Amino acid sequence: MRRLIFGIILIVIPFVVTYLYPISAPSSIHSLGEFYLKDSLTSVRSPEVVTSILWDYRGLDTIFETAVFFLAIMGGLAIFRELKLEYPSWEEFPLPVKVVTKVTAVLIVTVATSLALHGQLTPGGGFQGGSTLAVAPLLVIGAVSLASLRKIGITLERAVLVRILGLTGIVILALIPLALGGYAVQNQPYFPSEFLGTLLGGSLLWYNIFEFLAVGAGFTAVFLILAVAGGGRND
């Protein structure tokens with residue numbers, strides 16, 4: 001009963017707050033915001049201003065943040081380096097559970113991929129896509145078991161490997177302009193801005209893809225560790 005009341009409160013509060021404090025469009029735009037709105041499409045070749053700011057105007061900050069996140073996860077994994085994950089053989093689960101879990105996981109992966117690949121055009125991006133992607137293995141762990149992840153090839157070692165590949169891709173992208181005579185993390189004119197009439201935002205698309213892999217794999221590795229440390233089902 002307490003959980004039901006708590007759940008109702010969680011649902012009602014956002015509606016009440018939204019009704020009492022409606023969000024309206026600002027009457028004026030700060031000069032800096034106006035600059036980003038006008039310059040993003042012409043200079044960065046991306047209508048998605050937030051992604052342009054993250055990977056172009058302040059790209060160095062984003063790379064450092066990604067590096068810190070990477071080191072935090074690797075440090076956490078190092079603490080558990082002696083922990084051996086066991087993946088026993090696949091056990092039969094009720095068909096409805098398996099079907100619903102598979103369909104939901106596929107939908108989550110599809111939405112996550114779309115968020116990452118369209119990050120230069122619509123709200124979203126690599127971090128949001130990667131965070132969404134990590135929900136899929138978390139769902140499988142909770143609904144079925146750790147063994148089911150191994151069945152489709154998702155292990156701690158592979159998650160860490162994909163995360164390292166994602167971070168390596170980001171570093172290489174940042175250094176390509178430097179090698180071509182520009183400066184680190186420079187976007188235009190070193191990366192293609194369009195493909196078949198679709199705006200790519202230069203390097204923004206590639207940063208989002210590698211960030212998507214790094215964040216998704218990083219959270220997956222952490223979930224695998226936590227599932228075992230928390231006594232999750234291995235069967």
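R45 is partly exposed in this predicted model. Its relative accessible area is 24%. The side chain of R45 forms a salt bridge with that of E194, at 2.3 Å from N to O. R45 sits in the loop between α2 and α3 (49-57), whereas E194 belongs to strand β1 (residues 194-195). The two residues are 149 residues apart in sequence, so the pair ties together distant parts of the chain order. E194 is also partly exposed, at 39% relative accessibility.

The R45 contact is one of 3 salt bridges found in a search of the whole structure. Another joins the side chains of E34 and K38, with an N to O distance of 2.9 Å. Both residues lie in helix α2 (residues 31-44). Their spacing is 4 residues, which means a separation of about one helical turn. Exposure was computed for each partner. E34 is partly exposed, with a relative accessible area of 34%. K38 counts as exposed, at 56% relative accessibility; the cut-off for that class is over 50%.

A further salt bridge links the side chains of E65 and R58. The N to O distance is 2.9 Å. E65 has a relative accessibility of 45% and counts as partly exposed. R58 is likewise partly exposed, with a relative accessible area of 26%. Neither E65 nor R58 is classed as buried, because that class requires a value under 20%.

Terms used
Residues numbered from 1 in each chain as written. Predicted model: local features only at pLDDT ≥ 70, side-chain atom pairs only at ≥ 80, totals over all residues. Heavy atoms only, no water. Salt bridge = Lys/Arg side-chain N within 4 Å of Asp/Glu carboxyl O. Buried < 20%, exposed > 50% of the residue type's maximum accessible area, 1.4 Å probe, protein only.
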